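I opened my notebook for a first walk through this structure. Come along and keep the view in front of you.

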Amino acid sequence: MYHTVFEKGLQVVKKIEETQQESIERAAALIADAFVKDHHFFVSGSGHSHTVSEEFYGRAGGLAFVIPILTTELTLTEHPTKSSYIERLPGYAAILGELYGIQQGDVILIASNSGRNAYPVELALYAKEHGASVIAITSLAHSKSCASRAACGKRLFELADVVIDNCGEIGDACLTVEGVESKMLPTSSMANAFIIGALSVLSAKHIHEAGKEVPVFESLNAQLKVNRNDEYYQTYTRLYTKE
């Protein structure tokens, strides 16, 4: 069983490598182009999908210009199911879209395993209505198996400009364990981490090729000669209001 856990995880990552290259490269080009043209790149998700924002944001070795739409009620910090109720509320996404100032030329990446709830769907709609491009990270198998809970009747993958499939199973968990009724080993987190890494590296390559310096966070626990992180925070990630 020990080796099975790793085999299952590696199978998902390998499937992403083999099937999602075109989508990941398209998404990376969108992110890089937004930065080169002085637009913004936002990331959001709710429930456990909010960890995509955290993996992008303030990460050693990660792009410094990412702006997370990461409010407390979208996470699990206060109550394990609070975000599950919040993400079903109609109208909430538009409030955050307005507060963060999503506008023409921006890019937003929205992570949602099911892609069925009001928050990710309405955030995608808001972004597109305001001229921004939408990248989705979702489980196509899961999303296609269920109906939308959003008023428009759409799921996230039906609205995004680029869809990246995290290649997970319906319900996320993938491993049957003897004596346990429910499946275990959710794969979305490990899958998303690899997707984020690929997006970040490929975006950096595009930015460099466009002739711009690539701002990347460094570990504060390493022996740095110069700490650029604070400057990056002030320049890029604290832009929470419209210009």
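**Entry 1: the second largest pocket**

I looked up the second largest pocket and found its lining to be Val13, Ile16, Glu17, Gln21, Ile24, Glu25, Phe194, Ile195, Ala198 and Leu202. A pocket here, on a 1 Å grid over the protein atoms alone, is an open set of points where a 1.4 Å probe fits, with protein on both sides within 12 Å along at least five of seven lines, and lining residues have an atom within 4 Å of a point. I note that this is a predicted model, where local features need pLDDT of at least 70 and side-chain atom pairs count only at pLDDT 80 or more, while totals for chains, interfaces and linings use all residues. Residues are numbered from 1 along each chain as its sequence is written, and side-chain values use heavy atoms, with hydrogens and water left out.

Helix 1, helix 2 and helix 8 each supply at least two residues of this lining, and helix 8 has the largest share with 4. (Helices are DSSP runs of H or I, at least four residues, and strands are E runs of at least two, numbered from the N terminus.) I wrote down 7 nonpolar, 1 polar and 2 charged residues, and a volume of about 190 Å³, taken as the space filled by probe spheres set on the points.

**Entry 2: the largest pocket**

Next I checked the largest pocket, which holds about 540 Å³ of space. Its lining has 27 residues, and Ser46, Gly47, His48, Ser49 and Asn113 lie nearest its centre. By class I noted 5 nonpolar, 19 polar and 3 charged. Helix 8 turns up here too, giving the most to the lining with 3 residues.

Is Ser49 buried or exposed? Ser49 is buried, because its relative accessible area is 13%, and buried means under 20% with a 1.4 Å probe, protein chains only. I found Ser49 in the loop between strand 1 and helix 3. Ser49 touches Ala111, Ser112 and Asn113 (heavy atoms within 4.5 Å), leaving out residues up to four places away in sequence.

**Entry 3: the cores**

Then I looked up the largest nonpolar core, a set of buried Ala, Val, Leu, Ile, Met, Phe, Trp, Tyr and Cys residues joined through side-chain atoms within 4.5 Å. This core has 30 residues, and Phe41, Phe56, Leu109, Ile135, Ile164 and Leu199 are those with the most contacts inside it. Helix 2 gives the most to this core, with 7 residues. I followed Phe56 and found that, beyond four places in sequence, its contacts include Phe41, Leu109 and Leu199. A second, separate core has 27 residues, among them Leu74, Tyr100, Ile110 and Val121.

Terms used:
Buried means under 20% relative accessible area, exposed over 50%, partly exposed in between (1.4 Å probe, protein chains only). Ala, Val, Leu, Ile, Met, Phe, Trp, Tyr, Cys and Pro count as nonpolar, Asp, Glu, Lys and Arg as charged, and the others, Gly among them, as polar.
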